[in-house]
Each structure stands twice: as C-alpha cells, then as structure tokens.
Amino acid sequence: MKTGRILILILIAGILVFSGCSSENKELKKDAVNIADAMCKSIEAMKNLQTADPADSVQIQRLQADYKKIEAEMTALNDEFRKKYVGNVNSKEFTDQFRKYLNEAMLDCKSLSKEDRAVFEKGAK
C-alpha cells in the first residue's frame, strides 16, 4: 500500500516537472527573438529612410540598400522558420505561443512608436 502511494506521488511529481518544462519552448523563443530583432532593424531602417533628407541621394541609396539587406534577412529567417516548424505553423497553440514570445521580444525594440509598443505589450500578456 505504501509503495503504491509513493509510486503515485512520484508519477504526479514527474508530470508536474515535465509540464513545467514544456511551458516554455526555448528554441521557439530563441527563433522569436531573432525574428523580432530583424523586425526591429526593419522598423529602424524605415524610420531612417523617412527622416533622411530627400536631396541627399547618396544617403537615400545607402539607406535603401540597408533596408533591402534587412528585408533579405527577414525573408531568410521566415523561410528557415517555416521549414523548421513545418508541422506546427497551423497549430493555434503553437501560433499563440510564438506570438507571445515575439511580442515579448519586440518590447526590447527602441524604434517602436508608442502605439506599436502598446500593441506588443498587450500581446505579451
């Protein structure tokens, strides 16, 4: 009888430990941080383009080239993400978890407008 109770307690403890470990997908979180970083760079590059002097064609061309590099990086990250999580991207649970991680990571972006920051803060909760 005692061994039965001990076995049940061990089983319950194991379930709690494993459920606690699976609540955070570290690999997905890392991928979300990488994507958020690229998104932040894109926002910053777009702001730089908008605030650049239109008469300075050299600076405009340089900023446009920077933006195209970031755009290519984002495309590569997106392709890699889709290949890596091909079976999960249609899962609501997976998408919700990724969106939460992405929202949390985007809060570190200094280039966000107040409105965008509010949206990401709401999504991170």
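What percentage of the 125 residues of the protein chain count as buried? The figure is 23%. Keep in mind on this tour that the model in your viewer is a predicted one.

**Stop 1: the whole chain**

Start by showing the protein chain as a cartoon. You will find 5 helices and 0 strands, so the order of elements from the N terminus reads α-α-α-α-α. Now switch on the surface. The accessible surface of the chain comes to about 9,300 Å², and carbon and sulfur atoms account for 59% of that area. If you like to look at contacts, take those between residues at least 6 apart in sequence: 63% of them join residues at least 24 apart.

**Stop 2: the disulfide**

Next, select Cys40 and Cys109 and show their side chains. These two residues form a disulfide, with 2.1 Å between their sulfur atoms. A disulfide is a covalent bond between the sulfur atoms of two cysteines. A search of the whole structure finds 1 disulfide, so you can leave this pair displayed as a landmark while you move on. Looking along the S-S bond, you will find an angle of 85°, and the link is right-handed. The pair ties together distant parts of the chain: Cys40 sits in helix H2, while Cys109 is in the loop between helix H4 (92–106) and helix H5 (114–124), 69 residues apart. Are the two cysteines buried or exposed? Both Cys40 and Cys109 are buried.

**Stop 3: Ser42 in helix H2**

Stay in helix H2, which covers residues 26–51, and select Ser42. Ser42 counts as buried because its relative accessibility is 13%, under the 20% cut-off. Which residues does Ser42 contact, leaving aside neighbours within four places in sequence? They are Tyr67, Ile70 and Met74.

**Stop 4: Asp31, also in helix H2**

Now select Asp31, another residue found in helix H2. With 10% relative accessibility, Asp31 counts as buried. Show the residues around Asp31, again leaving aside those within four places in sequence, and you will see contacts with Phe81, Lys84 and Tyr85.

**Stop 5: Ala105 in helix H4**

Move on to helix H4 and select Ala105. Ala105 is buried, and its relative accessible area is 14%. Not counting residues up to four places away in sequence, Ala105 touches Ala32, Val33 and Ala36. Try a distance label between the C-alpha atoms of Ala105 and Ala32: they lie 7.1 Å apart in space, although 73 residues separate the two in sequence.

**Stop 6: the largest pocket**

Finish at the largest pocket, which has a volume of about 300 Å³. To find its centre, select Ile35, Asn78, Phe81, Phe98 and Leu102, the closest to the centre of the 15 residues that line the pocket. Which helices each supply at least two residues of the lining? H2, helix H3 (57–84) and H4 do. The largest share, 6 residues, comes from H4. Colour the lining by residue class to see 10 nonpolar, 3 polar and 2 charged residues. Phe81 is a familiar name here: this lining residue is also one of the contacts of Asp31 from Stop 4.

Notes. Residues numbered from 1 in each chain as written. Predicted model: local features only at pLDDT ≥ 70, side-chain atom pairs only at ≥ 80, totals over all residues. Heavy atoms only, no water. Helix = DSSP H or I, 4+ residues; strand = E, 2+ residues; numbered from the N terminus. Buried < 20%, exposed > 50% of the residue type's maximum accessible area, 1.4 Å probe, protein only. Contact = heavy atoms within 4.5 Å. Areas by Shrake-Rupley, 256 points an atom, 1.4 Å probe, with all protein chains shown as cover. Disulfide = S-S within 2.5 Å. 1 Å grid on protein atoms, 1.4 Å probe; cavity = no way out; pocket = protein on both sides within 12 Å on 5 of 7 lines; lining within 4 Å. Points joined across faces, edges and corners; volume = space filled by probe spheres on them. Nonpolar A, V, L, I, M, F, W, Y, C, P; charged D, E, K, R; others polar.
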